[in-house]
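Good morning. I will take one structure today and go through it piece by piece.

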Amino acid sequence: MSGIVQNNILRSSGTVAVSAAGLNWVDTIITGSTATVEAGNGYWVNTTSNTCTITLPSSAEKGDQIVIIDYARTWGTNKIIIDSNGLNYQGEDDTNIVEYTTDGQSVNIVYSDATKGWIPLEDDVTADEPVAPTVQRAIFAFGNDNNPSNTSNLVGSNGVIGSDVTGVGTSRSAMAATNYGGDKAIFAYGHDGSSFVSLKNLVGNDGVVAADVAGVGTARSLPAATGYGVGLAIFAYGYNGSNLSMSNLVNSSGVIGTDVTGVGSARRALAAVRYGSTGQATFAYGRTGSTVNISNRVTNVGVIGSDVTGVGSARQGLAATTYGGDKGVFGYGKISSVTAITNKVSNEGVVASDTSGVGSARWLCAAAGYGGDKGIFAYGYTTENVSMSNLINNSGNAAADVSGVGTARTEISAASYSFSA
């Protein structure tokens, strides 16, 4: 193996072995489907693309040691197989299959003798990956207060909505917004009162809305947006005179990609939310020629799946937010009349049946996560524009109305931002 620096001692048998002062760590990451390892070395094995068979030395002496570590936490998907190469492994001969199939596992084996052979000194699992910080704040912005607006309202980590902030960017409504880059937000698309627009406005981790950036995919209104993967986001669906089936991916710098067409049933006025520990998401509900309850899951690499027959009441003009760290909830909207029902989304992406509503029935509201594991729905339209909010606790349950939270408006958007409380 290349990349090894050794400190050696003389064994009692007259052969050379690695000093007990420590293992030599091989600096080349193993990524292939096979690898042969040597005593006295430590190895990182990356099985992102394939399983890997690790062949041990054909001869060994008491005290020989080898350490193998799951480099990318992928052994649960693509296992490693230990070939003991004619020697025993935990007292069993090499006709037995030895596999390690747990994400984050490390295997530390020491050779004993011909009877027991290689014995794991440790085969531990690192309990948790490093925990990413959680977003603490949210922003509601743009919308329609009887005219297109660019007003924004910041939400603290306590769920309290602040007063109106004079807007930056073109006044418009019926757009979408989402978190990106971990601690920032992006608003995009919409209608400025006379035409569909293809604009975006980035929001820094300080909650400041930046100026317009033009030309980011097909101009449209009433799309939905959500985060996925690590620091990434996606806008999809919408309306530009007809319902659309397209998406635009957003990278971790807030750059919106070109249109990707044909991603499930064309529709508008739907909602989307992230779920799961690895960053999947789902788009759900909306209006085709009528209100629907279909959903489309998004993988953690931004690929939208085919339609899934829905759960819960078909409706449009709803909103969605994360809660509990890895789950989501869809809420409010319009069936034939406005409603306050919610539908929770599990950390596996399963949409639950209707939960009777709490708070004022309304539609064309917005929602975002805050406080690390909670959410908030706010604004919207009953028989008029409203200024109210409903907090979502970390169990996904909605609280009663809180009134008077900035200028009443509808067709508004919201997103989470900031790691700082």
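One term before I start: a nonpolar core here is a set of buried Ala, Val, Leu, Ile, Met, Phe, Trp, Tyr and Cys residues joined through side-chain atoms within 4.5 Å. Buried, in turn, means under 20% relative accessible area. Please keep in mind that this is a predicted model.

With that in hand, the largest nonpolar core has 22 residues, and Ile82 and Tyr89 are those with the most contacts inside it. At least two residues of this core come from each of strands E5 (41-45), E6 (52-55), E7 (65-70), E8 (80-83), E9 (98-100) and E10 (106-111). E10 gives the largest share, three residues.

What does isoleucine 82 touch, leaving aside its neighbours within four places in sequence? Its contacts are Ile54, Leu56, Ile68, Tyr89, Val98 and Tyr100. Apart from this core lies another core, of 13 residues, including Ala138, Ile161, Ala368 and Ala414. Please remember Ala368, since I return to that residue later.

Now the chain as a whole. The protein chain has zero helices and 32 strands. Its C-alpha trace spans about 90 × 40 × 40 Å along the principal axes. Of the 421 residues, 46% count as buried. If we take contacts between residues at least 6 apart in sequence, 52% of them join residues at least 24 apart.

On the surface side, the protein chain exposes about 17300 Å², and carbon and sulfur atoms supply 49% of that. As for charge, there are 22 positive and 32 negative side chains, and the centres of the two sets lie 12 Å apart.

Next, a sheet. This one is open, has five strands in the order E3-E5-E7-E10-E11, and shows mixed pairing. Which strands stand at the edges? They are E3 (24-25) and E11 (118-122), each with a single partner strand, so one side of each is left without a neighbour in the sheet. At the E3 end, E3 and E5 pair in the parallel sense over two bridges. Asparagine 24 stands opposite asparagine 41 in E5 there. Recall that E5, E7 and E10 are also among the strands that supply the largest core.

I move on to two hairpins, starting with E18 and E19. Strand E18 covers residues 224-228, and five of its five residues are buried. Both faces are covered: Ala224, Thr226 and Tyr228 are on one side, with Ala225 and Gly227 on the other. E18 pairs with E19 (residues 232-239) in the antiparallel sense, over five bridges. Within that pairing, alanine 225 stands opposite phenylalanine 235. The hairpin has three residues between the strands, and glycine 229 takes a positive phi near 55 degrees.

The other hairpin is E28 and E29. Is strand E28, residues 366-370, enclosed or open? Five of its five residues are buried, so E28 is largely enclosed by the rest of the structure. On one side are Ala366, Ala368 and Tyr370, and on the other are Ala367 and Gly369, all buried. E28 and E29 (residues 374-378) pair in the antiparallel sense over five bridges. Alanine 368, which I mentioned as part of the 13-residue core, stands opposite isoleucine 376 in E29. Three residues sit between the strands of this hairpin, and glycine 371 takes a positive phi near 65 degrees.

Two single residues to finish. Serine 247 is in strand E20 (residues 243-250). Is serine 247 buried or exposed? Its relative accessible area is 4%, and the cut-off for buried is under 20%, so serine 247 counts as buried. Not counting residues up to four places away in sequence, serine 247 touches Ile234, Phe235, Ala236, Thr258, Asp259, Val260, Val263 and Ile304. Phe235 is the residue that stands opposite alanine 225 in the E18 and E19 pairing.

Alanine 185 is in strand E15 (residues 184-188). This alanine is buried too, with a relative accessible area of 0%. Leaving aside neighbours within four places in sequence, its contacts are Thr178, Asn179, Tyr180, Asn201, Leu202, Val203, Ala415, Ser416 and Tyr417. Phenylalanine 142 is 43 residues from alanine 185 in sequence, and the two are 14 Å apart in space, C-alpha to C-alpha.

That is the end of my part.

Key:
Residues numbered from 1 in each chain as written. Predicted model: local features only at pLDDT ≥ 70, side-chain atom pairs only at ≥ 80, totals over all residues. Heavy atoms only, no water. Buried < 20%, exposed > 50% of the residue type's maximum accessible area, 1.4 Å probe, protein only. Helix = DSSP H or I, 4+ residues; strand = E, 2+ residues; numbered from the N terminus. Contact = heavy atoms within 4.5 Å. Areas by Shrake-Rupley, 256 points an atom, 1.4 Å probe, with all protein chains shown as cover. Lys, Arg positive; Asp, Glu negative; His and termini not counted. Charge placed at Lys NZ, Arg CZ, Asp CG, Glu CD. Pairing = 2+ DSSP bridges.
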